[in-house]
Structure formats: C-alpha cells, structure tokens
Amino acid sequence: MKYLYVVEREGRYVSELREADVPVPKAEEVLVRVAASGLNRADLSQIAGRYPPPPGESDILGLEVSGTIKGSDHRVCALLAGGGHAEYVAAPQGQVFPAPPQLDLVAAAGIPEAFLTAFANLVVEGGLAAGARVLIHAGASGVGLAAIQVAKLLGAYVAATTRTSEKLAALTAAGADLAIHGAPRVVPEIEQQWGRDAVDIVLDPIGAATLPGDLAVLAPGGRIICIATMGGRGPPLDLSLLMRKRARLIGSVLRARSRAEKAALVRRFCGEILPAFQTGALRVMVDSVLPPTRAADAFQRLRDNRNAGKVLIDWRGQPAPV
C-alpha cells in the first residue's frame, strides 16, 4: 500500500508517497480501506518530533479516517492513534463507528478526531449542560467548529474566537452566538454581552496567550479545559483568582488515552451525538480536499492557519494493491 511520508525542510513541508505492506489486523482490529484521512495539528507536532505515537501504535501519520471495511461496502469512520494517512489502516474495533449514511464519505473523515475531541472535553471533562455559557478558542479549526456545533446542539450559549477576521463568518455559520476577532477583545466583548464572571466552560488549545483571560471571564466553579499549547506552555496564572473562583483547570489529550477508554468514549458518542449528523443538526465543515500527491500543500495550509474547517486527503483515486 501507499502511505504519506512528510518532513519539514527550510520551513516548508515536503511529502512523498512511500510503499509499505498492508497492515495485518491484530485481535480486536479491523482492516479499513481508507477513502479519506483528516489532517490535525497533532500531525504537525509529530512531524516536528514533539508528539510521537503511543507505544505499539503505527508511526505513520494520521489520527482519523473514513472508508470501508475490507471485503465489504460497510461505510465507517475510525479514530486512530496513528496510521491514517495511508491506503489501509488496521483500526481498533472499538474506535470504528458507522459513517452517517447521507454524508459524503470523504467529508465523514472529518468526524472522528474533531467531534470526539469536542465531545470528550466539553461533555465528559467539562460536564456541559443546557444553558451553560461556553468559550471556544481557535473556533475556526476543525475541533473549534465541531465544538461550537456540539455545544449548541446540547443547548449552550457559545462565544468563539479567531485570530483572522475573514474566519468570523465560519464561526457564525457553525452557530456561535458571539464571534470574536483577536485575543484583546475577548474579555471586554464577553463582559459587555454576558456580564462579568459569566463563562462556565472554556475550551482552550492556545495556552499561554489566553489562560489569563479565560480565568478573568470564568464563572465561580467554572472549568478551563486545556487541550493544546499553540500559544506557549508557561502562562502566568493568578492562583488566588483561581482559588476565589473555585475554578478547575483541566488538562486533556485524546491520543494517549487507552483503547478501552477510547472505545467507551466512542460508544457514548454514538449514542448521544452521532445521530445528529443524520438529522442535519451537525455537519462537517470542510475547508479543502486534496489528493495524496498534494499532501505537502495540505499540511502547509494547516500550519499557515489558512484553513477554516477540516483539511482532508482524498485517497479514492489511489489504485487498490493486488
């Protein structure tokens, strides 16, 4: 089979299609013929050598795919710890779930990592309930747009941020009640619209640049969930304010969780969230779809923060191995 090999040279990504054996599924794994794979910033961190796959998982890039079970026409999505950017992947059976029947199979590759990350952090970690006020940073990312939709589906009010004014429309299209451009505007705009100490849950992939503002707008007993550190790992934190607000600062990652934990998460997601794709209440907001031969452009688009939504690799044009 072919798979993507990507490196960074002089600030630009270079990709090539390499050959490897089709993976042989182990116990409780299934072989998926990949239709499309989704790009994530975790891929960029792995390329940079900062985010290796968990022990025993594939070294090939890629954390989410759509496709069909080998030997059948059963359409599926799969959450992975590695191996997705390839023609085939051996996926843990508990992390495979049906692709929504009316959704294009390529677009379905944008569900697993983005929507499960949103669900795991807003609902499981954050305890999201109807009527809550939620702040979502990097709202135009794949995870951000998924999180806006999941929060709205569950009855929350949502403020979302972006560094790029051109992406404000994407936040509004996803359902955000407040679409905020630029970090300096977050606290004043939220306080103007919602009042002081109004936010119950913050989903924060930025870190250093946003954590002080998160705490400033947080309601007593609120939760800040940190899922990445795109803006730095060492933010100043007013511990006295953290204590006065009885706030909870939660660190969370998805990739490193055990297969058993991911399987339980997928089961709950399928029961509580997945049906909303069938009704149209949720949708994958796709930024761009490129073939594997243009993967370097896809990775560069993600790194340069030019995407609003998911960047996907379409593997359907690749010939099946003999």
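The legends below describe close-up views of a predicted model.

**View 1. Helix 3 and its burial.** Helix 3 spans residues 112-125 and is mostly covered, with 12 of its 14 residues buried. The buried positions include Pro 112, Glu 113, Ala 114 and Phe 115. Leu 116, Thr 117, Ala 118 and Phe 119 are also among the buried residues of helix 3, as are Ala 120, Asn 121, Leu 122 and Val 123. Just after the helix, Gly 127 adopts a positive phi of about 65°.

**View 2. The aromatic pair of Phe 115 and Phe 277.** Four aromatic pairs are found in a search of the whole structure. One of these is formed by Phe 115 and Phe 277, whose rings meet edge-to-face, 4.9 Å centre to centre and with 75° between the planes. Because Phe 115 belongs to helix 3 and Phe 277 to helix 10 (residues 275-279), the pair ties together parts that are 162 residues apart in sequence. Both Phe 115 and Phe 277 are buried.

**View 3. The ring cluster of Phe 97, Phe 119 and Phe 269.** Phe 97, Phe 119 and Phe 269 are linked into a cluster by ring pairs. Phe 119 is one of the buried residues of helix 3.

**View 4. Arginine side chains over tyrosine rings.** Arg 18 lies over the face of Tyr 5, at 3.6 Å from the ring centre. In a second case, the ring of Tyr 157 has the charged end of Arg 133 over it, 4.9 Å from the ring centre.

**View 5. The largest cavity.** The structure holds one cavity of 30 Å³ or more, and the largest cavity encloses about 50 Å³ of space. Its lining includes Gly 110, Ala 114, Phe 115, Gly 142, Leu 145, Ala 146 and Gln 149. Arg 283, Val 284, Met 285, Gly 309 and Lys 310 are also among the lining residues. Helix 3 and helix 4 (142-153) are the elements that give two or more residues to this lining, and helix 4 gives the most, with four residues. By class, the lining of the largest cavity comprises six nonpolar, four polar and two charged residues. Phe 115, which lines this cavity, is also a member of the edge-to-face pair with Phe 277.

**View 6. The second largest pocket.** The second largest pocket has a volume of about 340 Å³. Of the 21 residues that line this pocket, Pro 23, Glu 57, Ser 58, Val 89 and Ala 90 lie nearest its centre. Strand 6 (residues 88-92) supplies the largest share of the lining, four residues. The lining divides into 12 nonpolar, four polar and five charged residues.

**View 7. Loop residues with positive phi.** Glu 28 is found in the loop between strand 2 (12-19) and strand 3 (29-38), and its phi is near 65°, a positive value in a residue other than glycine. With a relative accessible area of 66%, Glu 28 is exposed. Ala 138 lies in the loop between strand 8 (133-136) and helix 4. Although Ala 138 is not a glycine, it has a positive phi of about 55°.

**View 8. Val 253 and Asn 121.** Val 253 is located in the loop between strand 13 (248-251) and helix 9 (259-272). Its relative accessibility is 45%, so Val 253 counts as partly exposed. Asn 121, in contrast, is buried within helix 3. Val 253 and Asn 121 are 132 residues apart in sequence and 8.8 Å apart in space, C-alpha to C-alpha.

Conventions. Residues are numbered from 1 along each chain as its sequence is written. This is a predicted model: local features need pLDDT of at least 70, side-chain atom pairs count only at pLDDT 80 or more; totals for chains, interfaces and linings use all residues. Side-chain values use heavy atoms; hydrogens and water are left out. On a 1 Å grid over the protein atoms alone, a cavity is a set of points where a 1.4 Å probe fits but cannot get out, and a pocket is an open set with protein on both sides within 12 Å along at least five of seven lines; lining residues have an atom within 4 Å of a point. Grid points are joined across faces, edges and corners, and a volume is the space filled by probe spheres set on the points. Ala, Val, Leu, Ile, Met, Phe, Trp, Tyr, Cys and Pro count as nonpolar, Asp, Glu, Lys and Arg as charged, and the others, Gly among them, as polar. Rings of Phe, Tyr and Trp (its six-membered ring) pair if their centres lie within 6.5 Å; planes under 30 degrees apart count as stacked, over 60 as edge-to-face and the rest as tilted. Buried means under 20% relative accessible area, exposed over 50%, partly exposed in between (1.4 Å probe, protein chains only). A charge sits over a ring if NZ of Lys or CZ of Arg is within 6 Å of the ring centre and within 35 degrees of the ring normal.
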